[in-house]
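Colleague: Could you walk me through reading a protein model, one feature at a time? I work at the bench and would like to follow along.

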Amino acid sequence: MAKNVITIPATISKYTVSPMHGRKKRKVAAYARVSTDHEEQQSSYEAQVDYYTHYIESRSDWEFVAVYADEGITGCNTKKRDGFNRMVEDALSGRIDLIITKSVSRFARNTVDSLTTIRKLKENGTECYFEKENIWTFDGKGELLITIMSSLAQEESRSISENCTWGQRKRFSDGKVTVPFGRFLGYDRGENGNLVVNEEQAKIVRKIYGMFLQGRSPYTIARLLTAEGIPSPGGKQKWYGGTVRSILTNEKYKGDALLQKVYTTDFLTKKKKKNTGEVPQYYVEENHEAIIEPETFDLVQDLMAARSKKEKQVCSMNIFSGKIKCGICGGWYGSKVWHSNDKYRKVVWRCNDKYADRKTCTSPKLDEKEIMELFLIAMNRLVDEKKEVLSTYQEIANHLYKTDALESEQTSLKEELSIAADLIDNCVQENAHSALDQEEYNKRYDSLVERYTGLKNRYDEVTELIVQKRAGQQRMRLFLEQLEQTERISEFDEMLWLSMIDYVTVYGKEDIRFTFKNGMEIAI
C-alpha cells in the first residue's frame, strides 16, 4: 500500500535565522577599496563610496548600515585592512546581514583569505554579493565561482607584482635612486627626483660624523642629540643608537647609492628581507652631492669596524670605555664602583679580566682623576714637540698612504674581471646550444671560474687596501689639524681626549703609555 508523504516547507532561513516570508529589512553594508594613493584612484574610491550609499538606500527592503572602505591598501592580505576587518567584526556580531562589493578582486586577491572570510561570514548568517561577477555566496554555486575568481585575482596580483619588480630593478640598473625623503635626514627630493642637500639637516649629519670621529659612540651621540632637542629623521624627540648607526653607515651621505638593499620575498604577505646576495644589487658612484667627504666616510667605516670588536668586551657609554688596555693580559679596563651607597663612593678602572679563569692579573687599578692627570702630562709633551711632529708625520703620510699603484691595479683587475665573466657566459651558452664533451666542458668551465674567483679575491683585497689607506690618510689629517690648533692645557679636555687618544696601555703604576691617533706613543 503506497504511503502518503506530506512535505512541510521550511519557514525559517537556515542562513539568516529569520522567517522566510517575513517583511524584515536586511541590514546591508558595502565594501570599497583602492590599492594606491594616486589621484586617479582617489576619484575611484570616492565614486565607489557614493555609488553604494545611494544604491543601498534606494532599496525599500534594505536598511543601510555603512560603507566600509580602505584607501591606498593592497588586497593581497587582510592584516592591514582596518576597514575590512572592522566590517567583518560587525558582521560576526550581528550588525550586518548582507555585504555588497564591486568584485571578488576588491574583496581580496588572496584565495585563502577570501574563502576563509566568506565561510566565516556564511556560518554566522551574513551573505556577500559580488556585483561584477553576479555571485551570491548563499547560492549553491557561489563557493565554486568564488574559488575560481579568487584564484584568477591572486594570479593577476602575482603578475602585477612581477611587473612592478621588473620595473623597479630596471630603474635600479639605470642608476635611478629613490629614498623615503620624509624620513631621510639631510636630503630633499630635487626637480628630477634625485637627492638635493638640505643644508639645515646636513649640519646635523656633519655634527653626528664629527662627534663619532671625536670618539663618541652611537649611543652617546643619540643621548646628546636628544638632550639638545634636535628632532630625529622621523620627526621624533628621542634618538636611538641604531638611528645614529644607520646614518654613520649610509653610503648616500658620501654621494653614492647602493640599490636593492632589501627585496620582497612574497607578493601576498609583502614580507621584506635584507638582500645578502639573493637578488642583484647596483652601486651608483657620485650620484648626487655629498654631505660627508668620501675619505671621511671611509674613515668612519674603518673606525666602526674596529670599535665593533671592542664593544664585545667593553661598554662605550663612558669616555674612558674602550680606551684603556691592560698591558699584562691584553684585556680592556672597565669601571667599578666602590662604596656605592655611602659618602666614600668612588669610581675606579680595572682590567675586566683581572680575575678571569682563576688567574689574577697584576695590572693596577686607576681612578678617573689619575687618568685625567696623566693625560694632561702626555698631551702637553706632545704639544711641546708639535712643530717636529707636524713636519715628520706629514712626510710619513705623503708616502705611507699613497694609492696610485693600487688604483692602477684595481682598474686593470676590473677589466680582467669583465673579460673573465664574458668567457664564462660564452662557455655556458656554447654548451647550451652545442653537443660538447661534458668532461672537457666541465674542465674548461672550472678553469674559467677558478680564474674569475682569483681575480675577484685580489680585486676585493686591493679595494679594501685603498679604502684603508684613504681612511688612514684622513685620520692622520684630522689628527694633525687638531694638534696644530692645540696649545698646552691646564685642565682635562674631553674633546681632546676623544679626538687625540687612540688608547692607553697600562703595564704598571710607573709604566703607562698613551698611544695617539697618529700612532705615536708617549710613556708616563
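Colleague: Thanks! Where does S217 lie?

Modeller: Keep in mind that this is a predicted model. To place a residue, look for the elements on either side of it. S217 lies in the loop that links helix 6 (199-213) with helix 7 (218-227).

Colleague: Is S217 buried or exposed?

Modeller: Look at the relative accessible area, where buried means under 20%. S217 has a value of 4%, so this serine counts as buried. The side chain of S217 also has a polar contact with the side chain of T220, at 3.0 Å.

Colleague: What about K25: where is its place, and is K25 buried, partly exposed or exposed?

Modeller: K25 sits in the segment that precedes strand 1 (26-34). The class partly exposed runs between the 20% and 50% limits. With a relative accessible area of 43%, K25 is therefore partly exposed.

Colleague: Which residues is K25 in contact with, once its neighbours within four places in sequence are left aside?

Modeller: The list is S60, D61, W62, E63 and D97. Take D61 as an example: K25 and D61 are 36 residues apart along the chain, yet their C-alpha atoms are separated by 4.9 Å. The side chain of K25 also reaches the backbone oxygen of S60, at 3.5 Å.

Colleague: How do I read contacts for the protein as a whole?

Modeller: Ask how far apart the partners are in sequence. Of the contacts between residues at least 6 apart in sequence, 62% join residues at least 24 apart. For the wider picture, the protein has 14 helices and 18 strands, and buried residues make up 40% of its 524 residues.

Colleague: Now a lysine in a loop. Where is K517 found, and which side chain of opposite charge is nearest to K517?

Modeller: K517 is in the loop between strand 17 (511-516) and strand 18 (521-523). For a charged residue, check for a salt bridge, which needs a side-chain nitrogen of Lys or Arg within 4 Å of a carboxyl oxygen of Asp or Glu. K517 is buried but has no salt bridge, and the nearest side chain of opposite charge, D502, is 6.1 Å away.

Colleague: What else surrounds K517?

Modeller: A polar atom of the K517 side chain lies 2.9 Å from the backbone oxygen of L498. Not counting residues up to four places away in sequence, K517 touches several others, including L213, Q214, K323, R475 and F479.

Colleague: How many bridges join strand 17 to strand 18?

Modeller: When reading a strand pair, check the bridges, the direction and the connection. Strand 17 and strand 18 run antiparallel and are joined by three bridges, with I522 in strand 18 as the bridge partner of F514. Their hairpin has four residues between the strands, and G519 there takes a positive phi near 90°.

Colleague: And how does strand 16 pair with strand 17?

Modeller: Strand 16 (residues 501-508) pairs with strand 17 in the antiparallel sense over six bridges. Y503 stands opposite T515 in strand 17, and the hairpin between strand 16 and strand 17 passes through two residues.

Colleague: One more: what is the order of the open sheet of three strands?

Modeller: Read across the sheet from one edge to the other. The order is 13-14-15, with antiparallel pairing. Strand 13 (333-338) and strand 15 (366-367) are the edge strands, each pairing on one side only. Two bridges join strand 14 (residues 346-351) to strand 15, and W349 stands opposite L366 in strand 15.

Note on methods:
Residues are numbered from 1 along each chain as its sequence is written. This is a predicted model: local features need pLDDT of at least 70, side-chain atom pairs count only at pLDDT 80 or more; totals for chains, interfaces and linings use all residues. Side-chain values use heavy atoms; hydrogens and water are left out. Buried means under 20% relative accessible area, exposed over 50%, partly exposed in between (1.4 Å probe, protein chains only). Contact means heavy atoms within 4.5 Å. Two strands pair if DSSP finds at least two bridges between them. Lys and Arg count as positive and Asp and Glu as negative; His and the chain ends are not counted. A polar contact is a pair of N or O atoms within 3.5 Å; within protein, one must be able to donate a hydrogen and the other to accept it, and residues adjacent in sequence count only if both atoms are side-chain atoms.
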